[in-house]
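The following exercises concern a predicted model. Please work through each task before reading its solution.

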Amino acid sequence: MEPIQQKPEPAEQQKPVPYRVLLRLPATDPAAPAEALTRALRAANLPFEVETIERVRQGDGR
């Protein structure tokens, strides 16, 4: 007879905290620069806010 395996204790849920993530989109539609990204985030049910969208000059190493 095999011993009964106990289910592992679930990891303690931590309270979500906000993060700022900087993404560089090197080839995007200037008329809607973040449209594909925002669609993907919405489809994944990820809560997010768009703070700023900036155009980056070609070759800008920032």
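**Exercise 1: Exposure of two leucines**

With a relative accessibility of 40%, L25 counts as partly exposed. Determine which class L23 falls into, buried, partly exposed or exposed, and which surface feature includes both leucines.

*Solution.*
Step 1. The exposed class requires over 50% relative accessible area, and partly exposed lies between that limit and 20%.
Step 2. L23 has a relative accessibility of 54%, so it counts as exposed.
Step 3. As to location, L25 is found in the segment before α1, a helix that spans 35-43. L23 also lies in the segment before α1.
Step 4. Together with V17, Y19 and V21, the leucines L23 and L25 form a nonpolar surface patch, whose joint accessible area is about 580 Å².

**Exercise 2: Salt bridges**

State how many salt bridges a search of the whole structure finds, and describe how the partners are placed in the sequence.

*Solution.*
Step 1. Side chains of opposite charge can pair when their charged atoms come close. The cut-off applied here is a side-chain nitrogen of Lys or Arg within 4 Å of a carboxyl oxygen of Asp or Glu.
Step 2. The search of the whole structure yields two salt bridges.
Step 3. One pairs R20 with E51, with 3.0 Å between the closest N and O atoms. Because R20 lies in the segment before α1 and E51 in the segment after α1, this pair ties together parts that are 31 residues apart in sequence. Both partners, R20 and E51, are exposed.
Step 4. R39 and E35 also meet through their side chains in a salt bridge, at 3.6 Å from N to O. These two residues are four apart in helix α1, so about one helical turn separates them. E35 counts as partly exposed, because its relative accessibility is 36%.

**Exercise 3: The largest pocket**

Give the volume of the largest pocket, name the lining residues closest to its centre, and describe the lining by class.

*Solution.*
Step 1. The volume of the largest pocket is about 1600 Å³.
Step 2. Its lining comprises 35 residues, of which V21, L22, L23, L37 and T52 are the closest to the centre.
Step 3. Sorted by class, the lining contains 21 nonpolar, nine charged and five polar residues.
Step 4. For the pair L23 and L37, the separation is 14 residues in sequence, and their C-alpha atoms are 9.8 Å apart in space.
Step 5. Returning to Exercise 1, L23 belongs to the nonpolar surface patch and is also among the residues closest to the centre of the largest pocket.

Key. Residues are numbered from 1 along each chain as its sequence is written. This is a predicted model: local features need pLDDT of at least 70, side-chain atom pairs count only at pLDDT 80 or more; totals for chains, interfaces and linings use all residues. Side-chain values use heavy atoms; hydrogens and water are left out. Patches are made of residues with over 30% relative accessible area and no salt bridge: like charges are joined within 9 Å, nonpolar side chains (Val, Leu, Ile, Met, Phe, Trp, Tyr) within 5 Å. Accessible areas come from the Shrake-Rupley method with a 1.4 Å probe; for residues, only the protein chains shown count as cover. Buried means under 20% relative accessible area, exposed over 50%, partly exposed in between (1.4 Å probe, protein chains only). On a 1 Å grid over the protein atoms alone, a cavity is a set of points where a 1.4 Å probe fits but cannot get out, and a pocket is an open set with protein on both sides within 12 Å along at least five of seven lines; lining residues have an atom within 4 Å of a point. Grid points are joined across faces, edges and corners, and a volume is the space filled by probe spheres set on the points. Ala, Val, Leu, Ile, Met, Phe, Trp, Tyr, Cys and Pro count as nonpolar, Asp, Glu, Lys and Arg as charged, and the others, Gly among them, as polar.
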